[in-house]
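Please open the structure in your viewer and keep the selection tool at hand. The tour below proceeds one selection at a time.

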Amino acid sequence: MPELPEVETSKRDLEIFFTGAPVAGIRIHEKRIRVGAPPQDLPGSGWVGAGIGRHGKTLIMGFSRPGTNLPAGESAADRGTLFLLSRFGMSGSWRRIDSRTNPPHSHLEIRFSDRRSRLVWVDPRRFGRIEFAGDPRTAHLLSQVGPDALAISPDDLGTLLSSTSRPLRGALMDQRLLAGVGNIYMAEILFAARLSPFRESRSLSSSETLALWAALQSVLEAAITEGGSTIHSFSREDGRAGGYQRHHLVYGREGLPCTGCGLPVQRTTLEARSLYHCLFCQPG
Ligand SMILES: [Zn+2]
């Protein structure tokens, strides 16, 4: 399942292609993946790709209407007049397609007037969602989502963790608290911070909170550098796989020696998901 590094990889892969590209039209093949009302007019002739942003696991494409003077801003939220949000779910991905035929499970496509490639939203399992919004900050897909895991400050992470008695594993993956972390990176981040996934979130000392924040940043940044992790289905816009799965230290390594202590990595099944951790390096 794509998490923050995979969505950020898609953003970086698509940004240069998309930004400034003249739109020819958008076609929706599968309406059931859409959240919210469709816009009065979909971007078409005269519209331009304005920029791409990301919040947690949601990608935000900004489009600008004909004749709009775009304010120069850092985020895509400042750069468009209509936005297409995509939440990747279990198996969603954006693909750049040159051929005339779309791959199977293509639900939406964006065509451009000056280039042969189209951007196609592909999602075999259909748990992903797309939404058109005039302002991404008021979109349904982001209405109950916490701060972005890469943008949060150590102090804010501490405040957020002190608000819940839930174990760290659940709190880190709760998108309402913190946006971007799922099952794979939760395991890697807690191992890097040497914290047990079963620790009560509000029991962390300030130095443990700082270690967790540092692990959050370093693991996510390293994964982005490698183009994300490909476990089941994630692929980049040109079909390439990510590379970070080769650097996983606990995820998917049940029974293999822990890189910290040599004892076998544990796998525990909780709520139908596999949790990987080391009993010695992550005590408690
Ligand atoms: Zn260990």
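**Stop one: helix 1**

This is a predicted model. Select residues 4–18, which form helix 1: its 15 residues reach 20 Å from the first C-alpha to the last, close to the 21 Å expected at 1.5 Å a residue. Next, colour the buried residues of this helix, among them L4, V7, L14, F17 and F18. Charged residues need not be left outside this selection: E6, E8, K11 and D13 are buried as well. Because 12 of the 15 residues are buried, helix 1 is largely enclosed by the rest of the structure. Then select G20, which follows helix 1 and has a positive phi, near 90 degrees.

**Stop two: the largest nonpolar core**

Which residues touch the most other members of the largest nonpolar core? Select Y185, I189, L212 and L216; they do so within a core of 40 residues. Helix 2 (154–162), helix 3 (168–173), helix 4 (183–192), helix 5 (206–225) and strand 10 (273–277) each supply at least two residues of this core. A second core, of 25 residues, lies apart from it and includes I52, L84, L119 and I130.

Now centre the view on L216. Among residues more than four places away in sequence, L216 touches A149, I152, L157, L178, V181 and I189.

**Stop three: helix 2 against helix 5**

Display helix 2 and helix 5 together. Their axes come within 9 Å and cross at roughly 115 degrees, and the crossing is right-handed. To view the contact, select P154, L157, G158 and L161 in helix 2, which meet T209, L210, L212, W213 and L216 in helix 5. By class, this contact has seven nonpolar, two polar and no charged residues.

Key
Residues numbered from 1 in each chain as written. Predicted model: local features only at pLDDT ≥ 70, side-chain atom pairs only at ≥ 80, totals over all residues. Heavy atoms only, no water. Core = buried A, V, L, I, M, F, W, Y, C linked by side-chain atoms within 4.5 Å. Buried < 20%, exposed > 50% of the residue type's maximum accessible area, 1.4 Å probe, protein only. Helix = DSSP H or I, 4+ residues; strand = E, 2+ residues; numbered from the N terminus. Contact = heavy atoms within 4.5 Å. Axes fitted to C-alpha atoms, helices over the stretch in contact; angles between N-to-C directions. Left-handed = near helix turned anticlockwise from the far one by under 90°. Nonpolar A, V, L, I, M, F, W, Y, C, P; charged D, E, K, R; others polar. Expected span 1.5 Å × (residues − 1).
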